[in-house]
Structure formats: C-alpha cells, structure tokens
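Q: Could you take me on a close look at one strand and then follow its surroundings outward, step by step? I would like the cut-offs spelled out as you go.

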Amino acid sequence: MSNKMQQTKIVLIICDGMADRPDREHNNKTPLEVASKPNMDKIARDGICGIMNPIGYGIPPGSNTAHLALLGYNPYEYYTGRGPFEALGAGLNLGKDDIAFRCNFATAEKKNNKIFITDRRAGRGEFGMKELGKLLNFRTDDADVVFKASSGHRGVLVLKGKNLSEKISDSDPHSEGEIKEVRPLDDSDAAKRTAQILNKFTERCYEILNRSEIQSERINKGMLPANIILARGAGKTGEIPKFNEKYGLNGACIAGVTLVKGVGRSVGLNIIDVSSATGHADSNIEGKIDACIKELKENRHDFILINIKGTDEISHDGDFEGKVEMIERIDKVLGKLLLSVSENNLNTTIALTADHTTSVTVKEHSGDTVPIAILGDVRTDEICKFSERECAKGGLGVIKGTDLLNILMDLSRRG
Ligand code: ZN
Ligand code: ZN
C-alpha cells in the first residue's frame with residue numbers, strides 16, 4: 001500500500017465554550033460530567049485523550065483567537081481585530097488598506113444635538129435589518145462605505161479609500177448612554193481622518209435609517225427602531241499563510257456564526273453553508289454533520305472543521321441544564337457521524353474538543369484548559385469518559401492549541 005493510500009482525512013469538531021468548571025449547585029460536577037453522551041465517551045474510550053491550552057495558561061481566549069490557534073496560527077502574530085474576521089465571514093472582500101469594523105444595529109434618540117443609545121441591540125429584532133443595511137452603502141469624498149447586515153443584530157462596515165488607519169477608538173459606548181465620539185489613537189493624519197469619517201458616517205446613519213420606510217414598518221410592528229450603527233474592533237486584514245499551503249490539506253469550514261466563518265475564510269478554508277445553521281442553541285446541528293458526511297463521502301476535502309456554537313451561548317446565559325441538554329443533542333448527531341464513518345469505511349481521524357471554557361457560573365470565557373479526544377490510529381489510553389477531569393488523565397497529556405494541527409497531521413500520516 002502506498003503511503004498516500006494510508007493517509008486519513010481529518011474532522012475537527014469544536015463545540016464552542018463546551019468546557020466548564022464544577023458547579024457547587026450541581027454536585028460539584030461540570031455539564032460534561034452530568035450529560036449522557038455515549039458517542040463522545042466512545043471517542044474518548046476508543047481514542048486518545050488529553051487537555052489543551054487553547055492559547056496559553058490562564059488566558060481566556062475569544063472564539064476567533066482560539067480558532068486561529070487550533071488551526072495552527074499563533075494568534076499573537078495573526079490576529080488583526082474582530083472587524084476583519086466578521087467582514088470576511090459575512091462574505092465581503094477586503095483589500096489590504098481597507099478598515100473593517102464589527103457593528104451593531106442599535107436604537108438611538110437625539111437630544112440637544114447629541115445621540116443617546118437607548119438599546120444597544122435594537123431589541124434584537126432582526127426585521128428589516130438586511131434592507132436597512134443596504135441603504136448604508138455610499139461614496140463620500142473621503143472613502144467608499146460598504147455595509148452589510150450579518151447575523152442577528154450585527155453587521156459589518158468597511159471603509160475603502162486612501163490614507164485610512166485602524167488606530168481609532170470605537171463609536172460603540174458598550175452600554176446604553178451617549179454615543180462615543182470616535183478619536184484617533186495615534187498622531188497620524190490617517191487616524192485623525194478615519195476618526196472623522198466614522199463620526200460623519202454615524203451622523204448620516206441616523207438620518208438615513210430614520211427616514212427609511214422599513215423603519216416605520218418596524219415601529220408599526222411594535223419593534224424598537226434600528227436607527228444607528230455602533231462600530232467597534234477596527235482592523236485591517238493581515239497576511240496569513242494559506243492553510244492548504246501550510247499543511248497541504250484541502251480544508252473546509254462548517255459554521256453558523258459569522259466570526260468563525262471569517263476565521264476560516266481568512267486562512268483560505270472553503271466555507272460550506274448549511275441552511276438554518278445559526279450558531280444559536282436551536283441551530284441545525286444535524287445539517288452540519290450531514291454536510292460533513294457528504295464531504296467525506298464525496299472526497300472533496302481532506303480537512304473539515306465543524307463549529308457548534310450553541311454550547312457557548314447557553315453558558316453565557318448561565319444555564320447549566322440547558323448546557324447539559326445541548327451537549328446531549330450534539331452527542332446524538334455525533335453518533336450519526338461515527339456510524340457513517342464506520343459503515344462507509346471513511347478513513348478519518350476525528351478530534352473532539354472545545355475552543356475555550358465558558359463556565360455557566362462565571363458566564364464568561366475563562367483561561368482553563370479544555371478536554372480533547374482523538375479517534376483514529378492512536379495509542380489508546382485508559383480514559384472512557386469525555387470530560388474535563390477524565391481527559392486530563394489521558395495519554396496525550398497537556399497540549400498547546402497551536403500544536404493540535406501538527407498532532408492531527410502526524411496521526412493522519414500527513415506529517
Ligand atoms: Zn468560542
Ligand atoms: Zn462566548
């Protein structure tokens with residue numbers, strides 16, 4: 001058998017924020033320790049387990065920095081701010097001088113010529129946001145303005161033009177109250193100019209969005225007006241080596257949330273869209289697994305990253321039982337993947353992990369390690385349960401996030 005014949009495909013399943021800390025109110029157990037999850041446990045039992053430091057000891061990662069690390073990219077070198085990743089994930093193309101922002105639709109009121117934010121998410125009502133976003137594409141003397149509504153109440157703004165800088169503050173006040181005047185963060189002309197452009201954009205948004213018919217429709221429906229755009233996370237796209245050149249793998253990304261899609265796109269993974277994969281707890285996770293099985297069967301990609309976001313969202317809400325249920329739902333669809341891989345003899349190395357810990361008691365990301373289990377041609381260990389504390393006793397030991405891809409490459413005989 002030639003070496004090439006022995007190579008396996010790689011599936012990396014990242015359950016966002018799935019790892020947790022023990023909860024006193026639940027017998028000092030974590031949601032993973034409470035959930036009934038025979039398929040995750042099978043991956044642990046038949047595979048090799050360990051724990052992983054996504055970015056570094058005690059560093060709480062964001063989903064974007066953690067995903068970069070798990071794809072083998074040092075986030076301290078390649079992370080360029082949330083704006084560019086959100087823009088790429090929304091399907092916009094970025095030139096190297098463009099400045100991208102992550103935005104919210106919000107509700108604002110003008111008093112004494114000042115803009116006050118009364119709801120930072122415009123009541124989370126998405127109605128009309130796609131159309132409203134289209135109104136915010138125009139050309140000014142200073143820059144071309146591109147805006148696109150993305151997922152939920154979010155959107156992306158891109159400024160295209162000469163002499164622009166990402167060294168500016170946010171217009172988003174990050175709480176209700178007066179909108180922030182954008183300021184340059186260094187002495188450059190470009191930063192001063194860009195700050196002015198963004199301030200003018202904000203004023204103009206308020207006028208354009210309030211005038212729109214769709215706004216009246218929102219109000220008639222009893223919804224809050226989505227009449228201002230709050231921008232944050234200014235950044236430029238960086239030079240990132242492409243995944244297929246770095247590893248020789250033809251890779252794909254299956255994700256619901258724009259930010260994770262953006263990380264995938266930034267390294268050149270093909271984005272596979274799955275209908276009603278929203279990144280919320282009610283997302284079509286079975287559709288994601290079906291899409292992955294289809295890719296494996298049709299032999300289109302050597303590497304597939306699947307992100308399942310629901311576990312993170314529920315953790316931010318502090319809902320222990322909801323997290324247990326979500327883990328059990330994920331486990332069911334993982335069963336389908338395992339069955340299909342064995343029935344169809346799909347030669348595949350499967351890794352199951354989380355991108356970071358989002359503890360239901362803390363309701364935030366934390367710097368704890370995350371469990372990992374890898375199924376394939378591995379040195380199996382004694383571990384039979386997929387959980388934070390069991391995996392910590394596994395044969396893989398403690399690994400760094402940026403080592404994961406090397407380990408998977410080696411196990412799949414591609415190293
Ligand atoms: Zn995450
Ligand atoms: Zn989160």
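A: Happily! Let's start with strand β1, which is covered on both faces: Lys 9, Val 11, Ile 13 and Cys 15 on one side are all buried, as are Ile 10, Leu 12 and Ile 14 on the other. Buried here means under 20% relative accessible area, with over 50% called exposed and anything in between partly exposed (1.4 Å probe, protein chains only). Strands are DSSP runs of E with at least two residues, helices are runs of H or I with at least four, and both are numbered from the N terminus.

A word on the ground rules: this is a predicted model, where local features need pLDDT of at least 70 and side-chain atom pairs count only at pLDDT 80 or more, while totals for chains, interfaces and linings use all residues. Residues are numbered from 1 along each chain as its sequence is written, chains are lettered from A and ligands numbered from 1 in the order in which they are written, and side-chain values use heavy atoms, leaving out hydrogens and water.

Back to the strand itself. β1 spans residues 9–15, and seven of its seven residues are buried. In a regular strand the side chains alternate between the two faces of the sheet. What are the partners of β1? Six bridges join β1 to strand β13 (residues 348–353), and the two run parallel; there, Ile 10 stands opposite Thr 349. Another six bridges join β1 to strand β12 (residues 303–308), again in parallel, with Ile 308 of β12 as the bridge partner of Cys 15. Strands count as paired if DSSP finds at least two bridges between them.

Zooming out, β1 belongs to an open sheet of eight strands in the order β11-β10-β12-β1-β13-β16-β2-β17, with mixed pairing. The edge strands are β11 (270–271) and β17 (397–400), each of which pairs on one side only. At the β11 end, strand β10 (residues 251–254) pairs with β11 in the parallel sense over two bridges, and Cys 253 stands opposite Ile 271 of β11.

Now for the metal sites. Asp 16 (OD), Ser 63 (OG), Asp 355 (OD) and His 356 (NE2) coordinate the zinc ion (ligand 1) at 1.9 to 2.0 Å. Donors are N, O and S atoms within 2.8 Å of the metal (3.2 Å for Na, K and Ca); water is not among the atoms, so sites may look incomplete. The arrangement is tetrahedral because the four donor atoms subtend angles of 100 to 117°. Four donors count as tetrahedral if all angles lie between 85 and 135 degrees; four count as square planar and six as octahedral if opposite donors are over 155 degrees apart and all others between 65 and 115, and anything else is irregular. Along the chain, the donors follow the spacing D-x46-S-x291-D-H. Asp 16 sits in the loop between β1 and α2 (31–34) and Asp 355 in the loop between β13 and β14 (357–358), so this pair links parts of the chain 339 residues apart. Asp 16 counts as buried at 0% relative accessibility, and Asp 355 likewise counts as buried at 0%.

The zinc ion (ligand 2) lies 4.9 Å from the zinc ion (ligand 1). Asp 312 in helix α13 (residues 310–316) and His 365 in strand β15 (residues 365–366) tie together parts that are 53 residues apart in sequence. The protein donors of the zinc ion (ligand 2) are Asp 312 (OD), Asp 312 (OD), His 316 (NE2) and His 365 (NE2), at 2.0 to 2.5 Å. With angles of 57 to 142° among its four donor atoms, the site of the zinc ion (ligand 2) is irregular. Asp 312 is buried, with a relative accessible area of 4%.

Finally, let's return to β12, which spans residues 303–308. Ring pairs link Phe 303 with Phe 243 and Tyr 247 into a cluster. Rings of Phe, Tyr and Trp (its six-membered ring) pair if their centres lie within 6.5 Å; planes under 30 degrees apart count as stacked, over 60 as edge-to-face and the rest as tilted. Phe 243 and Tyr 247 both lie in helix α10 (residues 243–247), four residues apart, about one turn of the helix. Phe 243 is buried at 1% relative accessible area, and Tyr 247 counts as buried at 11%.
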